[in-house]
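Dear colleague,

Please find the structure below, together with its sequence. A short account of what was found in it follows.

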Amino acid sequence: MNEGGAAAMVAAVGLTPSPLQPHPPMHQHQPPPHQHQQQQHQQIPGLRPLRAATFPLPVHYSQLPPNVVAQFEGAFAGPGGGSQPPGGLEQAALAAAQHAHLRPGQQALAPASAPFNSTAISQHFQLGGGGFAIGPPQPQPQQQGHASAPPPPPLFAGHEQRERQQQPQRQQQQPVNKTQLEDNENQARVHNLVENLNIVPNPPELEGWRRKLFHVEDTLVLTEDEFNTYFAHVDNVYSHRSTQAYKKKNFVVSYWDCRLKGRPSGTKKSDDPNKKKRKRTKRELNLCDMKIKITEFWPGSYPQEYLHKLSKPLHWYSTDRYTCVQSGYFDQLSSKIYTVQRVHGGVDNEQTFGPAGAHKHDIVESDRVKKNTVIRTMMQNDRDKLKPTKTYHKKATGAALETVKNHSAKQDLRLYGSCFCPFVQRVWISLELKQMPYQYIEVDPYQKPKSLLRLNPRGLVPAIAHGDWACYESSVLMEYLEDLNEGQALLPASPKERAYSRLWSDHINRHIVPCFYRFLQEQDTARQVTYAEELTTEITKLVKAADPTGPFFLGPNMSFVDVQIAPWIIRLRRVLKPYRGFPEPDPQTRWGKLVNAIEENEATKATVSDDQLYLDSYERYAENRPDTSQVARAVNSGRGLP
């Protein structure tokens, strides 16, 4: 078939000819003529790039989509169909499809008079997605002006040879790509229909689309862009119930109930400490019983009857997605479609579709119950813009910064710590009280540098390196510094008093510290009151066990127990007061005297940063963000401190 014959077949069935061979539109779905541009294939801003396996070039009649075959057969069948084209329908359809697929300067495949050889074909194409797809793009020669595209060569040497070769080729079927089917099934199992929704505040014809997606009076067929744009404006109407995956079908089905169907209170408890706890309130049951079914079809696997319901005309073969978008056409070979249908009964009882089972309320009531994704996202964005982003600090400030500078020189004893960590501050205060020579090394425990992991495989601070020996855990390190017998002793000489100090140090670690974090991390106001009372009770026990005169736990001098609780006393005013309203102690009480004595101690003040550092670093705790720290995860799960 020559170039003119192929072009005539293209026009006869509505296929898009090469951009260099414009033809008059034959029906309302034909794209207007357009001129070739040198930069035709550049990426349009906002468009996702076309996937590698979505642009099949037909190399045999059996590879043409059934819709194209039906169009050709319809064009030449019946009283008004005209005479059969030379060479038969098969040769005409294939020639026309290849001609419509050619780009400027692109040569058609070798004549099909040779036997169909999948090995030879694979040199030009890559097998994927159940069809042949063009591999990496080849550089195209620069076109000057409007040159004519080369005509496709004859596809068959003769009618008899075509008859001999066509029969065995028809019997050949492309093998089912089992790996692809398994991948589709696995993707469907974890499928989240709304994860790719677009946030477009005011798309065209928004109210009309909202009414259609609310009432679903007939089967709705949407392109991928339409679904991702408009369903985000009505997802508050529906509540997802189930998703069905099919091993050998290229679509996923999900079922959605009207949100006003209601739900009981509570949710299944999770043992995962990192999972955000959801506060679920009971909604009145059975206010509406409407159910919809959403089917997501993979590219190129749509039922014929749905394609004619699309809002965009079809584009069977295109030079690229750029051409489709510029022409306002829907490219069925690279885009999904979605159908939305109203169903009756449960998932296993969907015999009927149609108007029965409509909503028992209007869309205004659905908007009152819950805001849609677009509105919620915009509100969250507005809050984020007004809210300054705070994070933990990586460098000390104030008096603590001066102490870091004074202890930056290399020493045999090295303390690895973080300026915001209270457990580090315990060891730091001990070193300052003892006036021992040491080097302070600031590390980021969230990044866990190799230098820290060599000392502590868990990557936690504080850690100490003394010569070629290393150890970690704050209470253990304080005991180690005591055993060195250097500087001021923090444990008394009497074995009984030493045991007494260890007993109340254990009380601090087992009760006061966990209560501090439970109170700070709790988001429910009523429980915050409960945890505040628990914290006060545990502190009261410690105060009653302290020396009556004080001002420190064992008397006039700061000791082991005072250092154990000092970091959390510092954070009562700097963290618990601004975030939870924890009151400052009365200075005339025994508790007030202990707090004041610890705050005013020179060793304590040397390790304290400015208030803003603690306010910023503990915001994540106050909001109970996921993965805040191992301490936060342990508190959320009810376990002991790590």
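Where is the kink in α19 centred? The model is a predicted one, and in it the kink is centred on L572, with an angle of about 50°. Helix α19 covers residues 560-580, which makes 21 residues. From its first C-alpha to its last, α19 reaches 28 Å, close to the 30 Å expected at 1.5 Å a residue. Of the 21 residues in α19, 17 are buried, and the helix is thus mostly covered. After α19 comes G581, which has a positive phi, near 70°.

A second element to examine is a sheet. It is open and consists of four strands in the order β11-β10-β12-β13, with mixed pairing. The edges are held by β11 (439-442) and β13 (469-472); each has a single partner strand, so one side of each is left without a neighbour in the sheet. On average, neighbouring strands are turned by 20° against each other, direction ignored. Strands β10 (residues 413-417) and β12 (residues 463-466) form an antiparallel pair over four bridges. Y416 has A463 in β12 as its bridge partner. Helix α16 (residues 474-483) lies across β10, β12 and β13, and runs at about 130° to β13.

Finally, the cysteines. A disulfide is a covalent bond between the sulfur atoms of two cysteines. With a cut-off of 2.5 Å between the sulfur atoms, the count comes to zero disulfides. C258 is in no disulfide, and the nearest cysteine sulfur, that of C288, is 3.6 Å away. C258 counts as buried because its relative accessibility is 0%. C471 is also buried, with a relative accessible area of 17%.

Yours sincerely

Conventions. Residues are numbered from 1 along each chain as its sequence is written. This is a predicted model: local features need pLDDT of at least 70, side-chain atom pairs count only at pLDDT 80 or more; totals for chains, interfaces and linings use all residues. Side-chain values use heavy atoms; hydrogens and water are left out. Helices (H or I, at least four residues) and strands (E, at least two) are DSSP runs, numbered from the N terminus. The expected span of a helix is 1.5 Å times one less than its number of residues. The bend at a residue is the angle between axes fitted to the seven residues ending there and the seven starting there. Buried means under 20% relative accessible area, exposed over 50%, partly exposed in between (1.4 Å probe, protein chains only). Two strands pair if DSSP finds at least two bridges between them. Axes are lines fitted to C-alpha atoms, for helices over the stretch in contact, and angles run from 0 to 180 degrees between N-to-C directions. Contact means heavy atoms within 4.5 Å.
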